[in-house]
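Please look through the structure shown below, following first its sheet and then the packing of its helices.

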Amino acid sequence: MSDNESKKARRNAARERAAAQRAKEKARKRRNKTLTISGIIVGSLAVVAVVVLVIANSIQPAGPGPKNMASDGIVLQGQNGKIVPVETKGIPEGGKPTATKQDDSVANITVYEDYMCPICNQFETGNMSQIKQWVKSGSATLEVHPFNLLDRSSLGSKYSTRSAAAAACVANYDPDAFLDVNTAFYENQPSEGTRGLTNAKLASIAKDAGATNKNVASCITDQKFAGWVADATNRVLTEPLANSSLDKLTGTPTVIVNGKQYNATGTNAWTDADAFAAFVEQNGGAVKN
């Protein structure tokens, strides 16, 4: 082969190698572009999924609140040695709660609770008996606010919402039975991390505890007040708590006496009836049995 032919062959070979390299680089860029677009799509879908989950967990069908819970809680007071509910209209759809007008001459006890909260159960077990005596004697009032802080702890069944909505049904249709049903829900409290009780079981417990109005069961199974529970929960987690200095609620139970928050300390603190009684007296409650 002549020198000219040899040079020509080398040039051809170089051109082929360059063409092959360009093709390889093009293919690499196409792959990277595809992977980038795929990553963006997957990331966007993940964000959309999170947004959809948040919306699904926070939005409930709109509707008016239960009667006898104009403050987002039911108020119970003493009358002739008995505990009676303060009757009010329900919060209208799209409306706001009305803060309870409290009597400074008695112990105004307000409890924010979640029926799946074990510490709420401890407070109920240790203190409700004496609170009832104070209310009967006229030396205290009790305002109970059920809400749904622990929905995340019931494997997707939203037990906190469902049980709070069930309590609202009792407040609406059979308020005289509210405290007994409240106690019964704690006596039958499911463990955190379980699906909790069914709506039918909640209705059965309410009936057995004295809520015999014919509308209570269907209200519970239909979750008539689930939308109100969502609204009330959003309010306590983002807005100042009425008749207190608290900017918002941060945990359960939250117990307030004449504007002061009760912070239980020590062993068995939430079941210590003597410690709670001392706190009530320190904050203007001349309680008597």
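**The sheet and the helices**

In this predicted model, six strands come together as an open sheet whose order is β2-β1-β4-β3-β5-β6, with mixed pairing. The edges of the sheet are formed by β2 (82-85) and β6 (260-261), each of which pairs on one side only. At the β6 edge, strand β5 (residues 254-257) and β6 are joined by two bridges in the antiparallel sense, and within this pairing Ile256 has Gln261 of β6 as its bridge partner.

Helix α2 packs on this sheet, where it touches β1 (74-79), β2, β3 (107-113), β4 (140-146) and β5, and the direction of α2 makes about 145 degrees with that of β4.

The next step is from the sheet to a pair of helices. Two packed helices are described by the angle between their axes together with the distance between those axes. For helix α2 (residues 118-137) and helix α4 (residues 178-187), the angle is about 150 degrees and the axes lie 10 Å apart. Angles over 145 degrees count as roughly antiparallel, and α2 and α4 are therefore roughly antiparallel to each other. The crossing of α2 and α4 is left-handed.

On the α2 side, the residues that make this contact are Cys120, Asn121, Glu124, Met128 and Lys132, while α4 contributes Leu179, Asp180, Asn182, Thr183 and Tyr186. Sorted by class, the contact of α2 with α4 comprises four nonpolar, three polar and three charged residues.

Conventions: Residues numbered from 1 in each chain as written. Predicted model: local features only at pLDDT ≥ 70, side-chain atom pairs only at ≥ 80, totals over all residues. Heavy atoms only, no water. Axes fitted to C-alpha atoms, helices over the stretch in contact; angles between N-to-C directions. Helix = DSSP H or I, 4+ residues; strand = E, 2+ residues; numbered from the N terminus. Parallel < 35°, antiparallel > 145°, perpendicular 65-115°, else oblique. Left-handed = near helix turned anticlockwise from the far one by under 90°. Contact = heavy atoms within 4.5 Å. Nonpolar A, V, L, I, M, F, W, Y, C, P; charged D, E, K, R; others polar. Pairing = 2+ DSSP bridges.
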